[in-house]
Amino acid sequence: MTNARIASRTRTTSESSIELELDLDGTGSSSIDTSVPFFGHMLTAFAKHSLTDLRVKATGDTHIDVHHTVEDTAIVLGQAIREALGDKTGISRYGDALVPLDEALAQAVVDISGRPYLVHTGEPAGFEMHLIGGHFTGSMVRHAFEAITFHAGLTVHVNVLGGRDPHHIAEAEFKAFARAFRQAKSLDPLVVGVPSTKGAL
């Protein structure tokens, strides 16, 4: 019987207040309140499709911009993922997924490597300036992945292969990341110890 892969983290600054709990071996249930509706939608999708139970309560200076609240929530999510993974004994380590959403298609590859690295390509020109839902700037998609990747210690490649609607593109990216992460974090009964020739991840 493996140890429970759970974590609880908080972060409070003059710009935001974040409370987050997760269980990597959950069923995908979630309770998300970020005060940024579209980002909450993306985190709900992440939980559902990665089979990670996730609870998030986040408030911040969204009257200025959603940037601080999104970034700080993503930082805390990354920290919690890293904590819950523990020493990474028995994990599959690698995961990949190709996910469509109507006309949009995104690919994600995840390596629970301990080495933060993000390669993020393919979003159409102008996507980063589009206000999804009237409040969430497209540029925040990459920024969220940067924060999660760095603080979780993941190597992540996300590539948008096609798409027209910004909502669909962003959602396909988050769902692809979720499915790839689900595979990478899964416990493989054939793996003995940590899946690395170094003996540590």
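## A tour from helix α4 outward

Select helix α4 first: 16 of its 20 residues are buried, so this helix is largely enclosed by the rest of the structure. Keep in mind throughout that the model is predicted.

**Stop 1: along α4.** Measure from the first C-alpha to the last. The 20 residues of α4 reach 28 Å, close to the 28 Å expected at 1.5 Å a residue. Now go to the start of the helix and show side chains. Here a side-chain oxygen of Asp-165 comes to within 2.9 Å of the backbone nitrogen of His-167.

**Stop 2: the nonpolar core.** Widen the selection to the largest nonpolar core, which has 58 residues. Which of its members touch the most others? Pick Leu-22, Leu-54, Leu-77, Ile-81, Phe-136 and Phe-177. Helix α4, residues 166-185, supplies the largest share of this core, with 10 residues.

**Stop 3: around Leu-22.** Centre the view on Leu-22 and show its contacts, leaving out residues up to four places away in sequence. Three of the core residues picked above appear here: Leu-54, Leu-77 and Ile-81. Leu-22 also touches Arg-5, Ile-6, Ala-7, Thr-52, Asp-53, Ala-80 and Ala-84.

**Stop 4: the rings.** Colour the aromatic side chains. There are seven aromatic pairs in the structure. Zoom in on Phe-38 and Phe-136. Their rings form a tilted pair, 5.1 Å centre to centre with 55° between the planes. What does this pair tie together? Phe-38 belongs to helix α1 (residues 37-50) and Phe-136 to strand β9 (residues 136-137), so the contact joins parts that are 98 residues apart in sequence. Buried or exposed? Phe-38 counts as buried, at 5% relative accessibility. Phe-136 is buried too, with a relative accessible area of 0%.

Next, select Phe-46, Phe-145, Phe-174, Phe-177 and Phe-181. Ring pairs link these residues into a cluster. Phe-177 is also among the core residues that touch the most other members.

**Stop 5: strand β4.** Switch to a cartoon view and select β4, residues 53-60. How many bridges join it to strand β2, residues 16-23? Eight, and the two strands run antiparallel. To check the register, pick Ser-16: its bridge partner in β4 is Gly-60.

Then add strand β3, residues 30-33. Four bridges join β3 to β4, and this pair runs parallel. Pick Ser-31 for the register here: its partner in β4 is Arg-55.

Note on methods: Residues are numbered from 1 along each chain as its sequence is written. This is a predicted model: local features need pLDDT of at least 70, side-chain atom pairs count only at pLDDT 80 or more; totals for chains, interfaces and linings use all residues. Side-chain values use heavy atoms; hydrogens and water are left out. A nonpolar core is a set of buried Ala, Val, Leu, Ile, Met, Phe, Trp, Tyr and Cys residues joined through side-chain atoms within 4.5 Å. Buried means under 20% relative accessible area, exposed over 50%, partly exposed in between (1.4 Å probe, protein chains only). Contact means heavy atoms within 4.5 Å. Rings of Phe, Tyr and Trp (its six-membered ring) pair if their centres lie within 6.5 Å; planes under 30 degrees apart count as stacked, over 60 as edge-to-face and the rest as tilted. The expected span of a helix is 1.5 Å times one less than its number of residues. A polar contact is a pair of N or O atoms within 3.5 Å; within protein, one must be able to donate a hydrogen and the other to accept it, and residues adjacent in sequence count only if both atoms are side-chain atoms. Two strands pair if DSSP finds at least two bridges between them.
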